Amino acid sequence: MPALFFCGNCIKFVHANVLRVNVQRMAKPIRQQLEEVYWEHRQGLFTLALSITRCHSRAEDAVHEAFTRLWKSRLSPRRDLVPYVFAAVRNAAIDQVRRTP
């Protein structure tokens, strides 16, 4: 039976095999995990940042800033990294808006 999963702007039904992929991802080094999350969710991450900043260049900067912060933080996630990355991009986009006069 599929589970309900919230990701960015949509709600998805996730089957057990997708959850298994997320568990396998968590066993990898953080750099590789972040890279995989970026390539799988780059459009959704950019769209989230764009909806907050309303500017393409600031949205790109927000996504870049979020991944830079995550990389430097040396986090060791115990759960799926995707919601954490979406939250980091949201926060970076809000920071971009606050810095703009």
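This text walks through the nonpolar core, the salt bridges and one buried polar residue of a predicted model.

Start with the core. The largest nonpolar core holds 21 residues. Leu45, Ala49, Val85 and Val89 have the most contacts inside it. Three elements give two or more residues to this core: helix 2 (30–53), helix 3 (56–73) and helix 4. Helix 4 supplies the largest share, seven residues.

Val89 shows how this core is put together. Leave out residues up to four places away in sequence, and Val89 touches Leu45, Leu48, Ala49, Val63 and Ala66. Leu45 and Ala49 are among the residues with the most contacts inside the core, as is Val89 itself.

Ala87 is also placed in helix 4. Its relative accessible area is 23%, so Ala87 counts as partly exposed. The cut-off for buried is under 20%, which means that Ala87 does not qualify as buried. Ala87 and Leu48 are 39 residues apart in sequence. In space, their C-alpha atoms are 9.8 Å apart.

Now turn to charge. Side chains of opposite charge can pair when their charged atoms come close. The count here is four salt bridges. Which residues do they join into one network? The following pairs lead to the answer.

Take Glu65 with Arg69. Their side chains meet in a salt bridge at 2.3 Å, N to O. Both residues sit in helix 3, four residues apart, so about one helical turn separates them. Glu65 is buried, at 16% relative accessible area. Arg69 is partly exposed, at 38% relative accessibility.

Glu65 has a second partner. Its side chain also meets that of Arg99 in a salt bridge, at 2.9 Å, N to O. Glu65 belongs to helix 3 and Arg99 to helix 4, so this pair ties together parts that are 34 residues apart in sequence. Arg99 is exposed, with a relative accessible area of 53%. The bridge therefore joins a buried residue, Glu65, to an exposed one, Arg99.

Arg69 has a further partner too. The side chains of Asp95 and Arg69 meet in a salt bridge at 2.7 Å, N to O. Asp95 is in helix 4 and Arg69 in helix 3, 26 residues apart, and the pair links distant parts of the chain. Shared partners join the bridges into one network of Glu65, Arg69, Asp95, Arg98 and Arg99.

One more residue meets this network. Gln96 lies in helix 4, which spans residues 82–99. Is Gln96 buried or exposed? Its relative accessible area is 10%, so Gln96 is buried. The side chain of Gln96 makes a polar contact with the side chain of Glu65, at 3.3 Å. What else does Gln96 contact, leaving aside its neighbours within four places in sequence? Besides Glu65, the list has Thr53, Arg58, Asp61 and Ala62.

Glu65 thus recurs in this account. Its side chain forms salt bridges with Arg69 and with Arg99. The same side chain makes the polar contact with Gln96. Helix 4 recurs as well. It gives seven residues to the core, and Asp95, a member of the network, lies in it.

Note on methods. Residues numbered from 1 in each chain as written. Predicted model: local features only at pLDDT ≥ 70, side-chain atom pairs only at ≥ 80, totals over all residues. Heavy atoms only, no water. Buried < 20%, exposed > 50% of the residue type's maximum accessible area, 1.4 Å probe, protein only. Polar contact = N/O pair within 3.5 Å; in protein donor to acceptor, adjacent residues only side chain to side chain. Contact = heavy atoms within 4.5 Å. Core = buried A, V, L, I, M, F, W, Y, C linked by side-chain atoms within 4.5 Å.
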